[in-house]
Amino acid sequence: MPTEPQITRHVTCCIVGGGPAGMMAGLLLARAGVSTLVLEKHADFLRDFRGDTVHPSTLEILDQLGLYDAFRQRPHTEVTRLRGRFGDIEATFADFTHLPTRAKFVALMPQWDFLDFLAAHARKYPGFELLMQADATALRSADGKVIGVEAKTAAGPLQVTSDLVLGCDGRHSMVRRETRLPVKDIGAPMDVLWFRLSRKPGDPDDLVGSFGAGHILVGINRTEYWQCGLVIAKGTLEQIKTRGLDTIRRAITNLVPFLADRTHEITSFDDFRLLTVGVDRLTTWHRPGVLCIGDSAHTMSPVGGVGINLAIQDAVAAANLLARPLRERQVSEADLAAVQARRLRPTQLVQALQVQIQKRVISGVLGSARQPEPPLLLRLIARFPVLARIPARLIGLGYRRERVQET
Ligand SMILES: Cc1cc2nc3c(=O)[nH]c(=O)nc-3n(C[C@H](O)[C@H](O)[C@H](O)COP(=O)(O)OP(=O)(O)OC[C@H]3O[C@@H](n4cnc5c(N)ncnc54)[C@H](O)[C@@H]3O)c2cc1C
């Protein structure tokens, strides 16, 4: 049987996955003079499931790169406070206006626009290349070291040779699977049904969040429509389907009353996309010649909307620590271990917080048909609004903020 001709490429760093981690790492490494090829399996960045929240910590990185003003010129929404309803309490739960950063807000930008933005700026560096419709299928190894990637591309099979493969291919990572890096599965009690409802004049501008009897609803303002996520107990979609669409329409109305006049826009269960939620972490992020960062190293729960921002922080740390050894073509496993050592603690802390919220708040809400009792912290915040600065700091800045270094 005739075989298709193989395209071969040599680069210093091959990045698998053009999500937030991969695009930011690609931009920074190319900026530092490292020849970098990003392989992205999709033809474009257009997907709904990825979340839209660009936090102050990420906006600081953009500021350090001189991209802050250009970012703000793209269509987006700026949310200075997170308001929400929890049972009977409606309050501001996070207030970003006092953060010690230039951006005192969370920017909501559809993730495909954010990734397009990063790609446009990365392309200004001669060492950067992004190959879309390039599905990395296997790692290439020699003498116990990863030496590159095999991929299926629109132009035929591709064989990449590189000093480093950076696994940025998200929670179903081929790189983590192929390297058999050990995974600690932490788990999540919920899944999310993703759907759209139209926006109407007089609707709020901000994010909508509501915790009610048995359900949680989050709505992201995308100008013409609300991108909604209905949080359900894990594995219960089939049960929900047997109860019928009206039950789900009623749940939405109870959670966010102003959406009542448009729940008829949901005409079948095909209008929902099920997103399964997971939380896990590799116990080792690297092997000789390969390193995982972002969700491929630590799959994040949507709680707090921090996953994109943690992935960006990983990318900054990786570029800070690896640009020089990559440029000198001497990247060692100790260099890769230094990235894990730098990013492990913040990852552990954020995941521990997510797991506590999943256990103590989300499981309770999803497991009960009654209006939930707000947790103590929320009751205190509702009473003493100044306390809304604490969640703002945790969500907006996280722990151990990275700075872009000139390497
Ligand atoms: C329901 C849900 C909602 C969420 N909401 C938010 C939110 O609002 N805010 C937030 O910050 N985080 C949110 N998260 C978490 C967030 O989506 C992730 O933490 C973040 O996207 C991780 O970025 P990443 O670059 O590591 O991986 P990803 O964003 O998953 O990107 C991986 C990329 O790799 C590509 N890829 C995969 N395999 C291959 C391959 N073999 N070859 C080539 N390319 C490949 C994929 O197409 C993708 O583009 C949410 C998660 C879930 C499940």
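Before we start: domain bounds here come from an automatic or database domain assignment. Keep in mind that the model is predicted.

**Exercise 1.** Find which residues belong to each domain, and work out how far apart the C-alpha centres of domain 1 and domain 2 lie.

*Solution.* Start with the bounds. Domain 1 comes in two pieces, 7-186 and 278-396, while domain 2 covers 190-276. Next, take the C-alpha centres of the two domains: they lie 26 Å apart.

**Exercise 2.** Describe the side of domain 1 that touches domain 2: which elements supply residues, and which classes do the residues fall into?

*Solution.* First, count residues in the contact, where two residues qualify if their C-beta atoms, placed from the backbone, lie within 7 Å. That gives 24 residues from domain 1 and 23 from domain 2. Now look at the elements on the domain 1 side: β4 (77-79), β5 (81-86) and α9 (333-366) each chip in at least two residues. β5 gives the most, with five residues. Finally, sort that side by class, and you get 12 nonpolar, seven polar and five charged residues.

**Exercise 3.** Work out which strands β1 pairs with, and in what sense.

*Solution.* Begin with β11 (residues 156-167): nine bridges join this strand to β1 (residues 7-16), and the two run parallel. For a concrete example, pick I7, whose bridge partner in β11 is L158. Then move on to β2 (residues 36-39), which pairs with β1 over four bridges, again in the parallel sense. Here you can check C13, whose partner in β2 is T36.

**Exercise 4.** Say what handedness the β-α-β unit has that β1, helix α1 and β2 make.

*Solution.* Follow the chain from β1 through α1 (residues 20-31) to β2: the unit is right-handed.

Methods:
Residues numbered from 1 in each chain as written. Predicted model: local features only at pLDDT ≥ 70, side-chain atom pairs only at ≥ 80, totals over all residues. Pairing = 2+ DSSP bridges. Right-handed = clockwise from strand over helix to strand, strands pointing away. Nonpolar A, V, L, I, M, F, W, Y, C, P; charged D, E, K, R; others polar.
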